[in-house]
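Visitor: Please take a close look at one part of this model, the stretch around a single loop, and then follow the contacts outward from there. I would like a connected account rather than a list.

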Amino acid sequence: QVQLVESGGGLVQAGGSLRLSCAASGSSFSLIRLNVMGWYRQAPGKQRELVATIIRAGTTNYADSVKGRFTISRDNAKNTVYLQMDSLKPEDTAVYYCNAITLLANYWGQGTQVTVSS
C-alpha cells in the first residue's frame, strides 16, 4: 500500500508560479515499484485531466496546455514528485491530484487546490 500526500497549492496571480510536491510513503516493497508518477487536475464541472507524468528513468510527458510552462521532476531517493508551475493562467485553476502507478496498483493523493486570479 502507498500513501500520497500533496502540498504546495494556493492562491496566486496570473503570471505567477507555484511548486507542488507529492511525497509517497508505504512499504519498501511498494515504493521501489513506483514506475509512473504524475499530476492530474480537475476544474469545477470538468473531467479530471492529465497534466504531466514522469517515469522512474526520468522520461516526461506533458499536456499540450502546460508545455513550456510546467516542469515535472522526481527524486526517487525521497519518493517524491514535483510540479513547477510558471506563467500560471486563470484556466489552470483546479484541484491538482498526485498519481502513482505500479504494475499492480494505481494510487491517488487527496488533492491540493490551485487558484489563479486574473
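Guide: Strands here are DSSP runs of at least two residues, numbered from the N terminus, and the model to which these labels apply is a predicted one. With that in hand, the place to begin is Ser-87, which sits in the loop between E8 and strand E9 (94-101). Ser-87 has a positive phi of about 50°, although it is not a glycine, and its relative accessible area of 42% makes it partly exposed.

The loop on the other side of E8 offers a useful companion case, for Asn-79 lies between strand E7 (70-75) and strand E8 (80-85). Asn-79, which is not a glycine either, also has a positive phi of about 50°, but at 16% relative accessibility Asn-79 counts as buried.

Returning to strand E9, we come to the disulfide, and the count for the structure is one. Cys-22 is joined to Cys-98 with an S to S distance of 2.0 Å, and the angle of -85° about the S-S bond makes the link left-handed. Because Cys-22 belongs to strand E3 (residues 18-26) and Cys-98 to strand E9, the pair ties together parts that are 76 residues apart in sequence. Both Cys-22 and Cys-98 are buried.

From here the path leads to the aromatic residues by way of Arg-48, which lies over the face of Tyr-97 at 3.7 Å from the ring centre. Arg-48 lies over the face of Trp-108 as well, at 4.6 Å from that ring centre. Trp-108, partly exposed with a relative accessible area of 36%, in turn takes part in the one aromatic pair that the structure holds. Its partner is Tyr-40: the ring centres are 5.1 Å apart and the planes stand at 70°, so the pair is edge-to-face. Since Tyr-40 is in strand E4 (residues 36-42) and Trp-108 in strand E10 (residues 106-108), this contact ties together parts that are 68 residues apart in sequence.

The last stop is the largest pocket, whose volume is about 160 Å³. Its lining includes Thr-102, Leu-103, Leu-104, Ala-105 and Tyr-107, and also Phe-29, Ser-30, Arg-33 and Asn-35. Sorted by class, five of the lining residues are nonpolar, three are polar and one is charged.

Key: Residues numbered from 1 in each chain as written. Predicted model: local features only at pLDDT ≥ 70, side-chain atom pairs only at ≥ 80, totals over all residues. Heavy atoms only, no water. Phe/Tyr/Trp six-rings, centres within 6.5 Å; stacked < 30°, edge-to-face > 60°. Helix = DSSP H or I, 4+ residues; strand = E, 2+ residues; numbered from the N terminus. Buried < 20%, exposed > 50% of the residue type's maximum accessible area, 1.4 Å probe, protein only. Lys NZ or Arg CZ within 6 Å of the ring centre and 35° of its normal. 1 Å grid on protein atoms, 1.4 Å probe; cavity = no way out; pocket = protein on both sides within 12 Å on 5 of 7 lines; lining within 4 Å. Points joined across faces, edges and corners; volume = space filled by probe spheres on them. Nonpolar A, V, L, I, M, F, W, Y, C, P; charged D, E, K, R; others polar. Disulfide = S-S within 2.5 Å.
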